[in-house]
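Please look at the sequence and the model below, and then read on about the pockets and the ligand.

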Amino acid sequence: MKFFIDTANLDQIKEAMDLGILDGVTTNPSLMAKEGIVGVDNVMNHYTAICELVDGDVSAEVIATDFEGMIKEGEMLADLHPNIVVKIPMTIPGIKAISYLTQQDIKTNCTLVFSSGQAILAAKAGATYVSPFIGRIDDIGWDGMELINEIAEIYAMQDFDTEILAASIRNPKHIIDAALSGADVVTCPLDAILGLAKHPLTDIGLEKFLADHKKANQGH
Ligand code: G3P
């Protein structure tokens with residue numbers, strides 16, 4: 001399973017890179033706004049900066065909602081750097097744009113996916129990635145992980161090549177459950193990735209090893 005970080009923050013991307021486990025980055029307009037990146041030139045420069053940091057796919061989302069606008073923006077984004085994956089929302093014009101960009105050999109990530117039907121359409125259109133939003137489904141009292149299971153079953157049964165990118169991950173448990181459910185990729189906030197390493201028995205065990213070592217080595 002690939003690990004992507006879900007942020008536009010360069011320091012956090014660097015921190016995850018330094019762990020040696022990072023395979024890519026996903027961004028969205030909210031994450032870009034959170035970093036204060038505004039204006040077309042600044043946005044484009046920021047995507048380029050992310051691509052130069054990371055040896056892997058970097059999802060950059062279109063703002064246009066009509067077909068013509070999406071493909072124009074998509075082509076502009078793809079021209080920025082070979083790492084760019086054009087993120088397109090799950091709408092009817094979005095499906096058309098994914099089909100079009102796929103024919104141009106441009107990688108796409110179909111975002112805002114909340115049902116298996118939407119995931120089937122994304123795969124038929126040739127999306128490189130499909131992004132079901134786990135956390136936001138959980139937020140409304142449904143089970144996000146059930147959706148990952150169902151999409152994984154359908155894609156395997158139907159031999160679809162589209163990779164399942166579990167998005168809207170909020171915690172380490174989501175990452176483990178996504179792995180168990182057959183997600184190809186998880187995109188996570190840095191905290192959720194770091195949280196995987198934490199266990200109280202590890203802390204207690206390390207403390208004891210060091211205390212025993214100190215005791216045994218007193219006077220040596
Ligand atoms: O990039 C899409 C997704 O990961 C958003 O997550 O936490 O805003 O639902 P969240």
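Helix α3 gives the largest share of the lining of the second largest pocket, namely four residues, where helices are DSSP runs of H or I of at least four residues, numbered from the N terminus. This is a predicted model, in which local features need pLDDT of at least 70 and side-chain atom pairs count only at pLDDT 80 or more, while totals for chains, interfaces and linings use all residues. Residues are numbered from 1 along each chain as its sequence is written, and side-chain values use heavy atoms, with hydrogens and water left out.

The second largest pocket has a volume of about 230 Å³, a volume being the space filled by probe spheres set on grid points that are joined across faces, edges and corners. Its lining has 15 residues, and V43, M44, E61, I63 and E73 are the closest to its centre. The elements that give two or more residues to this lining are α2, α3 (40-53) and α4 (67-80). A pocket here is an open set of points, on a 1 Å grid over the protein atoms alone, where a 1.4 Å probe fits and protein lies on both sides within 12 Å along at least five of seven lines; lining residues have an atom within 4 Å of a point.

The largest pocket has a volume of about 370 Å³ and is lined by 24 residues, with D6, T7, N28, L31 and P189 nearest its centre. Two or more lining residues come from each of α2 (29-34) and α10 (190-195), and α2 gives the largest share, three residues.

The table sorts each lining by class (Ala, Val, Leu, Ile, Met, Phe, Trp, Tyr, Cys and Pro are nonpolar, Asp, Glu, Lys and Arg charged, and the others, Gly among them, polar).

| Lining | Nonpolar | Polar | Charged |
|---|---|---|---|
| Largest pocket | seven residues | ten residues | seven residues |
| Second largest pocket | eleven residues | two residues | two residues |

The ligand sits in the largest pocket, which requires more than half of its atoms to lie within 2 Å of the grid points of that pocket. Around the ligand are D6, N28, K87, F133, R136, A167, S168 and R170, each with a heavy atom within 4 Å of it, and this shell divides into two nonpolar, two polar and four charged residues.

Polar contacts (pairs of N or O atoms within 3.5 Å) link oxygen atoms of the ligand to the side chains of D6 at 2.5 Å, N28 at 3.0 Å and R136 at 2.6 Å. Taken alone, the ligand exposes 310 Å², of which the protein buries 82%, with areas from the Shrake-Rupley method and a 1.4 Å probe.

How values were computed:
A polar contact is a pair of N or O atoms within 3.5 Å; within protein, one must be able to donate a hydrogen and the other to accept it, and residues adjacent in sequence count only if both atoms are side-chain atoms.
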